Number of protein chains: 2
Amino acid sequence: MGERIGFIGLGIMGRPMALNLRRAGYAVAVHNRSRGPVAELVAAGAADGRSPRGVAEASDIVITMLPDAPEVREVILGPGGVIEGARPGQLVVDMSTIAPSASREVAEVLRGRGIEALDAPVSGGQKGAVDGTLSIMVGGPAAAFARARPIFQAMGKNIVHIGETHGAGQVAKAANQIVVAVTIMAVAEALTLAGRAGVDPTRVREALMGGFAGSRILEQHGQRMLERNFVPGFRVRLHRKDLGIALAAGAAHGVPLFATALVHQVLGALAAQGLEDLDHSGIVRFVEQAAGTDGARPTGA
Amino acid sequence: MGERIGFIGLGIMGRPMALNLRRAGYAVAVHNRSRGPVAELVAAGAADGRSPRGVAEASDIVITMLPDAPEVREVILGPGGVIEGARPGQLVVDMSTIAPSASREVAEVLRGRGIEALDAPVSGGQKGAVDGTLSIMVGGPAAAFARARPIFQAMGKNIVHIGETHGAGQVAKAANQIVVAVTIMAVAEALTLAGRAGVDPTRVREALMGGFAGSRILEQHGQRMLERNFVPGFRVRLHRKDLGIALAAGAAHGVPLFATALVHQVLGALAAQGLEDLDHSGIVRFVEQAAGTDGARPTGA
């Protein structure tokens, strides 16, 4: 494989993504703030890039997978950052979930140095990262997308070039997070109502799966609610951050997002109660609290 | 087929459901307030019951498919109603969508005369009624469910006995309508945000279909939003009624339903504008109005 890949950010998502690139046969140089995951990747045949700058010097395409915009700005544009080790013609692919406006800013600075950028946030969670089945939503020039596509195919399955504008991938991700969060809230209200009305929520979920109410969320998060399994998965904390991004994008473009704002507040309430490390299906806990059944399992008839 | 069936209420749903019972070989006696659909069913081999009472006299199992609780009470319990023509051992199956409490009231009156009842509301719309692929959510005693099951199988596919309590089917239907309405709102916000942020909502929908955001609503109602096809389908007017039922059930059981209440208000806003005969995917019109793009198609990049 021709392109040498740099990978910065070996967290719960980045680590398995980088491992999948190694498995696909790519030369990979890695960096992470804490050293443990670096050792793991080195054991899998990756090089230790030692810093964002070092990773950029050792690679043709640099991937970043970081918590939020401040980390992306620091790692790419900050002192000792990717930009210091990068060369014209290089490609920087940020797969973090950050504000579309932040993606555009970073891409513009890079373009000033002759470096192309893509924003390519993902959906599918840790399981999708491990299995190499992530959905990848990509914004940026078509030529850059074509160049990065084989790499995306080593990490994901549903790979969509959303648009040529930098930040287009982030807009799609924000839309994704809106739909997921609001649908979880819908399922939480539906199953809680059923339980409190003396009806078995398991049967209700089963009945709803067959019709228009059917969704991946009803299937998986609905099942989690019934099992009281709130081990993440995807954390309340992160989904709250992502809805914050969606609301900021809405404000920037003049789109009031009533349902999104409501669920953002619900996630904030869970965070205020110290529940921000629950899986986001824990939204049902808020609905139950409001109904005076905190922690109780919705009962059958 | 042994059981003779009575069918009252030959509207957009009831007419194809009664036709499917005829096609399955059942003897069917029908009644409807307006006479046109009666003639159509008679042409298909049904008997004209002439009144709810007459239908009850001519059948073993009476099905009602009516707009709301007042019509169900009148047709079953009112003067000239089913109860006047019914005999002990008969079964009344109300497939209308009404409040769970109303289902329980009607069932209790019938039980006092030795007549068993089921509530069996459906999901799947006119298309599901025509194709015989409705989801049917049934509340009431197991023996009555077993008796009615072959009849349900002539009209639907996903047939679930939700619980032995009268009204359990209605609770499941309320849960269904919550999930459908709130998910439509989620998709409407997501696609409107994408369009206003300069991103092609068609691509966004495509990307979201592959991941956790995937749902029947995103698939079908999302497509309607993109095509600006608001021909019902299922009307704003009826979904507003159904969310009213859900909110009343929530109030009765002490479950605040924040997202449901929000979307109920949105449907009310559309109704206030004279848009209550749009398909419920028309919720996107509200979101666009709020964003100052009434009637405009979300534009691409």
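Copies here are superposed by least squares on the C-alpha atoms of residues with pLDDT of at least 70 in both. On that footing, a rotation of 180° with 0.0 Å of shift along its axis puts chain A on chain B, with an RMSD of 0.0 Å. That is the relation of a two-fold axis. Within chain A, Ser215(A) has the C-alpha nearest the axis, 2.0 Å from it.

A few ground rules help at this point. This is a predicted model, in which local features need pLDDT of at least 70 and side-chain atom pairs count only at pLDDT 80 or more, while totals for chains, interfaces and linings use all residues. Residues are numbered from 1 along each chain as its sequence is written, chains are lettered from A in the order in which they are written, and side-chain values use heavy atoms, with hydrogens and water left out.

Taken alone, chain A comes to 14 helices and 9 strands, these being DSSP runs numbered from the N terminus (helices: H or I, at least four residues; strands: E, at least two). Its C-alpha atoms fill a box of roughly 65 × 45 × 35 Å along the principal axes.

Now to where the two chains meet. Counting contact as heavy atoms within 4.5 Å, 62 residues of chain A touch 63 residues of chain B. The area buried between chain A and chain B is about 5,300 Å², and carbon and sulfur atoms give 72% of that; buried area is the accessible area (1.4 Å probe) that two parts lose on being put together, summed over both. On the chain A side, Glu189(A), Leu193(A) and Phe212(A) lose the most area to chain B, together 15% of what that side buries.

What about polar links? Between chain A and chain B, 15 residue pairs are in polar contact, both at pLDDT 80 or more. Such a contact is a pair of N or O atoms within 3.5 Å; within protein, one must be able to donate a hydrogen and the other to accept it, and residues adjacent in sequence count only if both atoms are side-chain atoms. Several elements give two or more residues to the side of chain A that touches chain B, among them strand S8 (134-139), helix H9 (168-196) and helix H12 (236-253). H9(A) gives the most, with 20 residues.

Salt bridges (a side-chain nitrogen of Lys or Arg within 4 Å of a carboxyl oxygen of Asp or Glu) number 0 between chain A and chain B, against 32 over all chains. One of them joins Glu288(A) and Arg228(A), at 2.8 Å from N to O. This pair links distant parts of the chain, 60 residues apart: Glu288(A) sits in helix H14 of chain A, and Arg228(A) in the loop between H11 and H12.
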